[in-house]
Amino acid sequence: MALLGLPRPRARTLLWVWLAVAAAGRLVDAEAEAEAEGVPEPDPEPGSIPGQTPSKPLNLTVVRDSCTSLRLSWARPEVGVVEGYRIYLLHDNRTASTSTSPPLGDPATQSPVEYTVPGLKPNTAYKVWVKAYASHNQEGAPSEAVENRTDVCSPSAPEIMDATCESQNSLRLSWRRPTNFTTIDFYYISYRSEKDWNFEEMELEGSTEFLEYNVSIPNLLTNSVYEIKIRGASKSVVDPQVVIKGNHSEPRKVYVETNCSTMMPQLNAHGHEEFGAGMVVGLVTIVVALCLATAACVIWKKCFHASYYYLDDPPRAPPPTLIDWDAQTEESGVKSSVPVDMFAKHVAELHADGDIGFSKEYDEIQASRPQEDFSTDISQHEDNKAKNRYLNILAYDHSRVQLLPIPGQKRSFDYINANYIDGYHRAQAYIGTQGPLPTTFECFWRMIWEQRVAVIVMITNLVERGRRKCDMYWPGEGSETYGMISVKLIKEDIMATYTVRTMVIRHLKVKKKKHSSAERVVYQYHYTNWPDHGTPDHPLPVLNFVKKSAAANPSDAGPIVVHCSAGVGRTGTYIVLDAMLRQIRSKGEVNIAGYLRHIRSQRNFLVQTEEQYIFIHDALLEAIQSGDSNVNQAYLSRYLLSLQASGDGGESGTEKRETLLETQFRLVTGFQPKDFNLVSASKQINQPKNRSQDLVPVENARVHLTPKPGVDGSDYINGSWLQGFNKLKEFILTQHPFENTIQDFWQMVWDHNAQTIVTLSSCNVDEGFGPFWPTADAELDAENYKVKFISESEHVGYQTRDFIVQSLQDDYELPVRIIQCPEWPHNCIPLASMSELLRIVQEWHLDYQNGPIIVMDRLGGTEAAIFCCLTTLTKQLEYENHADVYMYAKLYHNKHPGVWKSQDDFLLLYRALEAMYGNSSHSSAASAAGSGTGAPTGSGSAVASAAGSGAASPTTPATETHITVTDNHVISTNCQANGYLMGNGNGTASLIAQEEPEPESDVVIIVPEGSPA
């Protein structure tokens, strides 16, 4: 019995824990042995008929629980022979944990039956039920389901980093957050003087946001040694009145004296030294030596002008204060938080009557706090004016980033036009700044080094509309030195809408510490497709960029630096999108207006236009509706199954819900072009050039030809630009030319330097699909070029024809190859063979990357779109090990509406990827999905669907391991890991385990028919 992945409401996950337990004398091997020895088989149990399906187990209860386990108890069924039990756990997270436990006793004699399910997730609600099964794997009715939530686990011990005397009656304590925790709601500091027996306890509110903390402990006794220890604590989710305290840290001792200006030695946990005369003399000697060393250093610097050295670990400021802007919004009486399930209605209301709601809301934000409320004196200092790209874009004094001082430099040298900006539940999560000027390159890279920045987000091109928007502050190749920072470009990965540059930066005058490095890796995520005017056509590529760049920032790194040209408009748009995506994941709410009001008090003009404000809403609505559709390669098979899950759900089985496939297809094909989108295609003179009026290009994506003076419609051809993985204009999707549009077709080849033509249609003159290329006997002549036949070749499954397009004005020649594979992909059996044509085309096209690939089918529709989409997705899989079918399918539909005629067309993309790249361990289960859109085939499988479309896949490849249980013994245990169980149909069960992936999306798993929902 295979375990299959399918969606459920609220994107829940079902962990099927199959406890294959054999009753004494019931296994086949035991029967054979008894027969061989002449021993009679045991009689059936009273009231039971051999082979009868068991009734439901009774009185299922949770005896006790912990943060990672549940102890279950139940009474055996009243009817039927019981050979074993299966325990089902339904929980609301994407993955769950299980591990092998000691085998149960004989289920025929043990009543009540008790079993501990280990390896569960803390703070997780589980719905549990049990089924008994008889011989031949006949499964009985489910027990009554019980619900239970595991509690949070106690945090591990914090680490005290420093405990020093601060004044004559206080000390300073610094510690690092526990490494293991579910939540940290409180910290408890215990301290006592050497004269006291009992500890005093100080309670502080905790948070998981910050790695390090520091606090002052006041009102202490002078000239006393204090012992200090600290522990974290979490509020119980089962009983809110209970606080679960963790382990104490290692204790520290510190001496509190009258004069703390002299550094006192810290004492260990086992005692302290006597401060006698010898100690005082020693301390005085140390102080004198330090003074002499300081004087010598000053004299040496002045006399020999030695270069200063940076500290690799500058003194850390206390953690910044995090302002709860969400709560402030509520307290002000302005309700701006919108629940996720109401957000679509909220956006529709704002769009009503010509976006009047957006205009009012944006005007209120503009007027809520004028920029005059905050000083910008440092930005307007005479020494700093030249460092501002724009006269009106200044850095507020209270939130500006201050560069560390350099000896001998003026105070103004600490200025850069940059401000700290809070994120969602994280203070100073971003730095918003302008595009660097040549005069500020050095300051910019100093800021990157000092703030420990790992990710730079750039949302502008160097030149837009002929105006300089930003200067190139990184090396084009090799290394460049900017002041004291050396920057080396390691690699540059160019995608269709953004580029990722990997750089190594090194401080040339850093004083390297023992456990630190003078080099750091910095990633620059450069979005290159923001239009000169307005906002992007569609939010999906922007959302993809925001998620990828934000996820690249390590948890221990500094703020993400975001800049455009001025560092306010597109910069603010990016920051609001990332922060709101985090709020959606954390709280299930969106508070765009409240958050924007807050961050506008940290840098002026963030989200500079109403159009950008509207784009943020539309983008977040798309994110909520589409969910996370970026699927890990290792889970393609399981995701394919979840797409096709039956829409029947609920305990009654009568509810009908939209399947994930139906949801995605509806969203993908949701765009319906208006008349203004089809101006050229619907012109009367151009309509005869379209083989189907249902497959025509939209205006902003159509391919333009060189117009002929005075000839209306001469610039039109039924062709659309489609983006690929590496280029925005990687493909031209078009139809098989009419006889009277062959000249237009070759004009398109010539105008756009296309050297690869993929033809997926067969030639049939009687049906109007004749050859569109010249033969060896006749050239094709045009006004500025001619097309000359060179050669043709027959291959297995396809043909190639080579041509030369020669200019009539000069000696320029364009080599062109037509690769014809009729009936692709319909003739691809098995589906994995679809990749062969993709490989052939890419190998030929590798040498000609300047021009697009022209892809045609009979009508310019589905087959050509499938080829383009699969080519793009295979490149995405090779580069990042993920595939986003939903995103590319939707973008293609928006460029050439009608390419996806049915769910089968859309589903074929997933099926082809699964066939070509799917995990082998799941391929057999996925193949059961059949070739259509129906539910997976199999014996007695009922499936459930997800509400909405939030289901996707984990992010790391699965590693398979097996735990086999039979005859009440663990036969083999390779490892203890997270995963799910698959029945083998022979009284055994194998645990198919996977490494715990980084949470990215939800996975759902099939349940056997008849189980409670």
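## Worked exercises on a predicted model

Just after helix H12, Asn 753 takes a positive phi of about 60 degrees. Helices here are DSSP runs of H or I with at least four residues, strands are runs of E with at least two, and both are numbered from the N terminus. The model is predicted, with local features needing pLDDT of at least 70 and side-chain atom pairs counting only at pLDDT 80 or more, while totals for chains, interfaces and linings use all residues. Residues are numbered from 1 along each chain as its sequence is written, and side-chain values use heavy atoms, leaving out hydrogens and water.

### Exercise 1: the helix before Asn 753

Work out which residues of H12 are buried.

*Solution.* Start with the cut-off: buried means under 20% relative accessible area, exposed over 50%, and partly exposed in between, using a 1.4 Å probe and protein chains only. Next, go along the helix: the buried residues of H12 are Ile 742, Asp 744, Phe 745, Trp 746, Gln 747, Met 748, Val 749 and Trp 750. Finally, weigh them against the helix: eight of the ten residues of H12 (742-751) are buried, so the rest of the structure largely encloses this helix. For the protein, 53% of the 1013 residues are buried.

### Exercise 2: the cysteines

Find how many disulfides the whole structure has, and describe the cysteines Cys 564 and Cys 868 as well.

*Solution.* Take a disulfide to be a pair of cysteine sulfur atoms within 2.5 Å. The search finds one, joining Cys 67 to Cys 153 with an S to S distance of 2.0 Å. Now place the partners: Cys 67 sits in the loop between strands S2 (58-65) and S3 (70-75), and Cys 153 in the loop between strands S8 (146-149) and S9 (159-167), so to speak linking distant parts of the chain, 86 residues apart. Then check handedness: the torsion about the S-S bond of Cys 67 and Cys 153 is about 90 degrees, so the disulfide is right-handed. Cys 153 counts as buried because its relative accessibility is 17%.

Turn next to Cys 564, which is in no disulfide; its nearest cysteine sulfur, that of Cys 470, is 9.3 Å away. At 4% relative accessibility, Cys 564 counts as buried. Cys 868 is also in no disulfide, and the nearest cysteine sulfur, that of Cys 869, lies 8.4 Å away. Cys 868 has 0% relative accessibility and counts as buried.

### Exercise 3: an open space and a closed one

Describe the linings of the second largest pocket and the second largest cavity.

*Solution.* First, the terms: on a 1 Å grid over the protein atoms alone, a cavity is a set of points where a 1.4 Å probe fits but cannot get out; a pocket is an open set with protein on both sides within 12 Å along at least five of seven lines; lining residues have an atom within 4 Å of a point.

For the second largest pocket, 41 residues form the lining, with Pro 536, Asp 537, His 538, Pro 539 and Asn 894 nearest its centre. Helix H9 gives the largest share of that lining, six residues.

For the second largest cavity, 14 residues form the lining, and Thr 497, Tyr 498, Asn 544, Met 887 and Tyr 888 are the closest to its centre. Helices H6 (540-551), H14 (862-880) and H15 each give two or more residues to this lining, with the largest share, three residues, coming from H6.
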